[in-house]
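Dear colleague,

Please find below the structure that I am handing over to you. I would be grateful if you read the notes after it with the structure open.

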Amino acid sequence: MKIFASVVSATLGLAAATVSAASSFAPLVSPAELSAELQQLNPVILDIRGDDYAKGHIPGAISAPYGLFRGPKENPGQILDVATLEERYESLGLTLDKPVVIVPEGKNDSDFGAAARVYWTLKSTGFSDLSILNGGALAWESAGLAMSADPVVLQPSELDITFSDQWTADTEEVTAVTRGEVDALLLDARPDDFYQGRKSHGAAARPGTLPGAENLVYSSFFSEGSPAMSDIADPASLREQLGIKDGEEVVSFCNTGHWAATNWFALSEVAGIDNVKLYPGSMVEYSSTDNEMQNTPGVVKNFLNKIKGN
């Protein structure tokens, strides 16, 4: 068992992320950077906050609540079918040829996971020019930049998308990893109480983690108390300290693919590590199978843990 929080923090820095030649912005864009290029690049600003959009948003932003990208209550991390995603994208007016900047609330480090999950979903369905506003709408407002209360609705678009599984691990693949049939590094993005089986998500059938998983808490990529992700100053050192072998697949998971999306984004998009995948259904989906789990307490201990959590 390893907990990597202190290891990751040693590799974080303030170096600017490198902009890909095919992208308008780096995967993480600051309020100042976005403001400076807003008129010239004219990106789609995707505000995923829901009701808070009406209270004030970045001028030109459209409302695309996080729930549009999530599965049903019994399995929130489940991937929506392509037809549903295509219909929702079209209703928002999204097109594959325009840059998209995703704007979360920016209340805390957990909030970042919503933006990372939307980013992963869009990337998996063919969007390549993607960024997240680091610190979210609150960072934009705190920087003294303009806000608007005028709703924006784009003309509906026409798309023909497919879903690439390049960045996706499903339950069958994860199970094969736990059984030693496939070589991959399993990284649990949840806080220690979940990893150790002392807490579980309300929709999970059992507490615990995947057999052989290591614990890389999503908050490791943030300075304490900050909703803005820190840059990764030394990706090579991060790879080495996490023990990622050349060509090895990394699977990020949590309860419902929310916190895990933060780890996926940090490792894949910011650090540029290859072969990083997200297990979207995560422990809610896996715990409903009869597959082996690790750190699962006995019946009595689980009952006492639930009482303590109430």
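The notes below describe a sheet, a helix that lies across it, and a residue in a loop. Please bear in mind that this is a predicted model.

The sheet

Five strands make up an open sheet, arranged in the order S2-S6-S5-S3-S4 with parallel pairing. Strand S2 (28-29) and strand S4 (62-63) occupy the edges; each has a single partner strand, so one side of each is left without a neighbour in the sheet. As general background, the strands of a sheet pair through backbone hydrogen bonds, in either a parallel or an antiparallel manner.

Strand S5 (residues 100-103) runs parallel to strand S6 (residues 130-133), and three bridges join the two. Within this pair, Val100 has Leu130 of S6 as its bridge partner, and Ile102 stands opposite Ile132. S5 also pairs with S3 in the parallel sense, over four bridges; here Ile45 has Val101 in S5 as its bridge partner. From S5 the chain passes through H4 to S6, and this β-α-β crossover is right-handed.

Which residues of S5 are buried on its two faces? Val100 and Ile102 are buried on one side, and Val101 and Val103 are buried on the other, with the result that both faces of S5 are covered.

Helix H4 and its surroundings

Helix H4 (residues 112-124) lies across S2, strand S3 (44-47), S5 and S6, and runs at about 170 degrees to S6. H4 also meets helix H9 (residues 259-270): their axes come within 8 Å and cross at roughly 60 degrees. That angle makes H4 oblique to H9, and the crossing is left-handed. On the H4 side, the residues in contact include Phe112, Arg117, Tyr119 and Trp120, while those on the H9 side include Trp264, Phe265 and Glu269.

Leu210

Leu210 is located in the loop between helix H7 (192-195) and strand S8 (214-215). Is this residue buried or exposed? Leu210 has 0% relative accessibility and therefore counts as buried. Leaving aside residues up to four places away in sequence, Leu210 touches Val174, Thr178, Leu186, Phe253, Met283, Tyr286 and Gln294. The C-alpha atoms of Leu210 and Glu292 are separated by 7.8 Å, although the two residues are 82 residues apart along the chain.

With kind regards

Notes:
Residues numbered from 1 in each chain as written. Predicted model: local features only at pLDDT ≥ 70, side-chain atom pairs only at ≥ 80, totals over all residues. Heavy atoms only, no water. Pairing = 2+ DSSP bridges. Contact = heavy atoms within 4.5 Å. Axes fitted to C-alpha atoms, helices over the stretch in contact; angles between N-to-C directions. Buried < 20%, exposed > 50% of the residue type's maximum accessible area, 1.4 Å probe, protein only. Right-handed = clockwise from strand over helix to strand, strands pointing away. Parallel < 35°, antiparallel > 145°, perpendicular 65-115°, else oblique. Left-handed = near helix turned anticlockwise from the far one by under 90°.
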